[in-house]
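Colleague: Could you take a close look at the helix packing in this model? Then please place that packing against the strands and the ligand site.

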Amino acid sequence: MKEGSDPKIPGRNDPCWCGSGKKYKKCHLGRDGKVQKPAPARMATPPLHAPLRRRGGAIIKTAEQVEGIRAACRVTREILDLLGERVAPGVTTEQIDVFVHEATLERGGVPSPLNYRGFPKSVCTSINEVVCHGIPEERAMQEGDIVNIDVTTTLDGYFGDSSRMYLVGAVAEAPRRLVQVTRECLDLGIAQVKPGRFVGDIGHVIQRHAESNGYSVVRDFVGHGTGIRFHEDPQIPHYGRPGQGHPLQLGMVFTIEPMINAGDWRIRILEDGWTAVTTDGSLSAQWEHTLHVTSDGVEVLTA
Ligand code: MF3
Ligand code: CO
Ligand code: CO
């Protein structure tokens, strides 16, 4: 803004605006434009509820929003805990669906997957070579299977998204190792999370650990911002290069959910339009948490 164009800024020989009685040029002229004057009142008063702020794609959550997301994540974690006793040979994934549905409603929530883009059930159940988005059905789980159960809860409009692997009865060494290494991939990714790091740092450590164990990282599905909507920006790939991609910022909430295949990383979608399977029929495992970036690191909201 040019000098004199603002009615509140006097000419050089006029009395200074500050009321000192000195000429403006002897008083505040040198400082105006260098010193920050108070913002106009309408700027200085923040709205009572801060609106969603988008910075480079991520929604930075307010403390109030994080509290709501934390509560949704707590319900998700409780349900995943309870599923530990329910997964067994002979149990159908349909029974798992009914349990998750009822347990969610009992806790005042709604299962987020139900009717999400046409998904027909309340939870995803992905057995053996199914990578993700398996639809619960009447077929029973069998001794030796590995199954991912992915629970997302909507509570008071907030989302909590987490998944775990469950072993059905006695499981052979090779699938158990895949489940274990995939778990380590998630933990290594989480250990990267703090302000100043990048999305690429997460993907890099996950890819390195998976591939050094002879496994591959699924490319077609990624982690994601979450909390206010089911899936928000940014995407969180489980492969990548250090220092690349979206910066991790205080107040971000997102998932890390590596899908790791024993064989090739390629997937295909079955006729149902949802079920993703490995193209080579190899086993696939996945673990997922919802995370909150704090000033000194990370809060695992679904832990
Ligand atoms: N919970 C899954 C995720 O981690 C998304 C499932 S979408 C659904 O992002 F429609 F299949 F439920
Ligand atoms: Co997710
Ligand atoms: Co999920």
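Modeller: Start with the convention for handedness. A crossing is left-handed if the near helix is turned anticlockwise from the far one by less than a right angle, and right-handed if the turn is clockwise. Bear in mind that this is a predicted model.

Take helix H4 and helix H5. By the convention above, H4 passes H5 in a right-handed crossing. H4 covers residues 173-191 and H5 covers residues 199-212. Their axes lie 8 Å apart, at an angle of about 155°. That makes the two helices, H4 and H5, roughly antiparallel, because angles over 145 degrees fall in that class.

Now the residues in that contact. H4 contributes Val-181, Glu-184, Cys-185, Leu-188 and Gly-189. H5 answers with Ile-202, Val-205, Ile-206, His-209 and Ala-210. By class, the contact of H4 with H5 holds 7 nonpolar, 2 polar and 1 charged residues. Glu counts as charged, so the charged residue of this contact is Glu-184. Gly and His count as polar, so Gly-189 and His-209 make up the polar part.

There is another helix pair to set beside it. Helix H2 (residues 63-83) and helix H3 (residues 93-106) cross at roughly 140°. Their axes come within 10 Å. The crossing of H2 and H3 is right-handed. From H2 come Val-75, Ile-79, Leu-82 and Leu-83, and from H3 come Ile-96, Val-100, Ala-103 and Thr-104. This contact of H2 with H3 has 7 nonpolar residues, 1 polar residue and no charged ones. Thr counts as polar, so Thr-104 is the polar member.

Next, the strands. One open sheet has 3 strands in the order S5-S14-S13, with antiparallel pairing. At its edges stand S5 (130-132) and S13 (267-269), each pairing on one side only. Ignoring direction, neighbouring strands of this sheet are turned by 40° against each other on average. S5 is joined to S14 (residues 276-278) by 2 bridges. Within that antiparallel pair, Val-130 has Val-277 as its bridge partner.

Another open sheet of 3 strands runs S8-S12-S15, again with antiparallel pairing. Here S8 (216-217) and S15 (284-286) are the edges, each with a single partner strand, so one side of each has no neighbour in the sheet. S8 meets S12 (residues 259-261) through 2 bridges. Ser-216 is bridged to Asn-261 there.

S16 and S17 form a hairpin with 2 residues between them. S16 spans residues 289-294, S17 spans residues 297-300, and 4 bridges hold this antiparallel pair together. Val-293 stands opposite Val-298 in S17.

Then the ligand site. Around ligand 1 sit Pro-113, Tyr-116, Arg-117, Phe-119, Cys-124, His-133, Asp-150, Thr-152, Asp-161, Glu-257 and Glu-288. This shell splits into 4 nonpolar, 2 polar and 5 charged residues. Asp, Glu and Arg count as charged, so the charged part is Arg-117, Asp-150, Asp-161, Glu-257 and Glu-288. His-133 and Thr-152 count as polar.

One shell residue deserves a check on its backbone. Arg-117 has a phi near 50°, a positive value in a residue other than glycine. Arg-117 sits in the loop between strand S3 (110-111) and strand S4 (124-127).

One more backbone item for your setup. The peptide bond from Asp-233 to Pro-234 is cis, with omega near -5°. Pro-234 belongs to strand S10 (residues 232-236).

Back to your request. The H4 and H5 contact includes a charged residue, whereas the H2 and H3 contact has none.

Technical notes:
Residues are numbered from 1 along each chain as its sequence is written. Chains are lettered from A and ligands numbered from 1 in the order in which they are written. This is a predicted model: local features need pLDDT of at least 70, side-chain atom pairs count only at pLDDT 80 or more; totals for chains, interfaces and linings use all residues. A residue is near a molecule or strand if its C-beta atom, placed from the backbone, lies within 6 Å of it. Two strands pair if DSSP finds at least two bridges between them. Helices (H or I, at least four residues) and strands (E, at least two) are DSSP runs, numbered from the N terminus. Axes are lines fitted to C-alpha atoms, for helices over the stretch in contact, and angles run from 0 to 180 degrees between N-to-C directions. Angles under 35 degrees count as roughly parallel, over 145 as roughly antiparallel, 65 to 115 as roughly perpendicular and the rest as oblique. Two residues are in contact if their C-beta atoms, placed from the backbone, lie within 7 Å.
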